[in-house]
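Please read this briefing alongside the sequence and the 3D view. It covers one chain and then one of its helices.

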Amino acid sequence: MELKKFRKKSPWILHYNSGSCNGCDIEILACLAPKYDIERFGMINTGNPKQSDILLITGPVTKRSRERIVELYAQMPEPKVVVCCGTCSSTGGIFRGMYNIEGGVDQYIPVDVYVAGCASRPEQIIDGVIVAIGILEEKNKDLEKSVKLAVNPVIEGSQVNRREIAGKLK
Amino acid sequence: MNKIIIQLLLIFISPVIGGLIYGIERKVKARMQRRIGPPILQPFYDFLKLADKRAMIVHSTHAFFGIMHFVSLWFALAVLILGGDLILVIFLHLLSTSLLILGGFSTRSIFSHLGANRSAISALAYEPILIIIAVSIYMVTGSFDVSSILNYPTPLLYKMPLAFIALLLILPVKLKKSPFDISEAHQEVVGGAEIEYSGIFYEAIYTAKWLDYVFCYALIYLFAANNIVLSFVLITGSFLYINALDNSTARVNYKQMLRFAFGVAFPIAIINLLMTIL
């Protein structure tokens with residue numbers, strides 16, 4: 001029996017509001033509510049970065065929240081996927097260029113799935129999260145795959161030539 | 001000889017039974033809210049996923065406390081199933097809870113501290129009542145041994161119904177269900193003492209939660225000793241009661257919980273004890 005195919009059935013979500021107008025948050029809550037019920041895919045809104053797989057971000061990055069986003073991303077164990085929910089978190093949206101707004105989330109952490117819409121509808125959010133589960137599975141396989149390096153690692157001082165190694169990987 | 005093989009088998013598959021109980025519970029809870037709900041095997045999917053996550057560790061003592069929480073809970077359950085001393089079982093369960101509390105206090109996370117604090121308060125609320133129930137069981141049957149309690153001719157429910165009511169009142173505290181889920185409280189302290197565990201170390205805590213279900217329903221089974229129909233009715237009834245209560249009530253704060261435990265459940269248990277003595 002192949003046990004590994006079951007692991008994509010329980011993606012746990014961490015929802016973070018990085019300065020949103022609350023529109024997308026309400027839609028995410030609607031996903032959890034009886035009508036859309038994303039718990040049937042095994043998703044739980046954990047609220048704990050150390051136990052979650054998918055980081056769901058709503059809203060543009062404000063100056064206050066950018067360190068929190070990076071911190072939350074760093075606290076999540078691998079494999080992890082980031083989903084930007086709504087136009088604001090994808091690009092900055094209507095708030096782009098304001099004095100307290102830094103722009104989209106992808107300026108600070110790598111984003112895998114962009115969900116458009118202001119506010120994005122629950123169907124779109126579910127669709128985005130389902131795509132994210134596929135990416136999570138791919139990342140899981142990548143973690144298990146062994147890679148042969150094209151360049152030998154050389155340690156100079158305290159640094160490894162990691163940029164050179166990463167450049168020759170793909 | 002045959003009996004001990006069944007008991008050992010029961011001990012080894014008790015996490016699986018607990019996982020199934022948890023899966024059914026999530027399904028029942030979803031149905032009560034008119035949702036579809038996750039599949040019944042969902043806890044095992046979670047288990048497999050957590051095994052594949054990369055392990056992050058705060059420090060070794062913290063992880064050790066988490067694993068020992070699971071091991072000591074399993075040990076308490078083993079003593080209960082093998083027919084050991086009921087008081088010993090209750091204190092082993094308290095030991096496992098206190099290991100989790102120590103684990104919560106061993107990190108510097110403020111949520112972990114709050115959750116550990118609240119876990120200690122919950123233990124303060126339910127532990128005296130459990131011990132009084134055990135003492136009144138001794139008064140009726142003349143023994144603390146689970147094996148001789150199970151061999152008692154009439155079910156304990158008829159002898160001491162008030163003790164069963166007291167047990168039902170504190171079960172939500174013990175299982176961390178609303179309205180007394182202050183120690184877990186996902187919206188307030190994000191899981192409490194278990195917040196800093198991740199990956200394979202969280203798995204121990206997660207499986208310990210399943211064992212807790214088996215432990216509580218085994219305590220209920222004591223009240224319907226050797227009567228299969230009655231035990232089925234009691235376990236199913238209390239299962240539905242706990243889930244209905246969980247779905248229909250809001251969380252109280254710790255003062256209200258303590259006031260309820262010592263103002264309502266504790267006097268009921270004491271009256272029951274006095275009735276069994278007289």
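The points below go from the whole chain to a single helix.

This is a predicted model, in which local features need pLDDT of at least 70, side-chain atom pairs count only at pLDDT 80 or more, and totals for chains, interfaces and linings use all residues. Residues are numbered from 1 along each chain as its sequence is written, and chains are lettered from A and ligands numbered from 1 in the order in which they are written.

**Chain B as a whole**

- Chain B holds eleven helices and zero strands; helices (H or I, at least four residues) and strands (E, at least two) are DSSP runs, numbered from the N terminus.
- The radius of gyration of chain B is 18 Å, which agrees with the value near 19 Å for a compact globule of 278 residues; it is taken over C-alpha atoms, and the globule rule is 2.2 Å times the number of residues to the power 0.38.
- Along the principal axes, the C-alpha atoms of chain B fill a box of roughly 55 × 45 × 40 Å.
- In chain B, 42% of the 278 residues are buried (20 or more other C-beta atoms within 10 Å of the residue's own, with C-beta atoms placed from the backbone).

**Helix α11 of chain B**

- Helix α11 covers residues 254–277 of chain B and spans 32 Å from first C-alpha to last, close to the expected 34 Å (1.5 Å times one less than its number of residues).
- At Phe266(B), α11(B) bends by about 35°, and Pro267(B) follows within four residues; the bend is the angle between axes fitted to the seven residues ending there and the seven starting there.
- The buried residues of α11(B) include Met257(B), Ala261(B) and Leu273(B).

Definitions and conventions:
A residue is buried if 20 or more other C-beta atoms lie within 10 Å of its own, exposed if 12 or fewer, and partly exposed in between; C-beta atoms are placed from the backbone.
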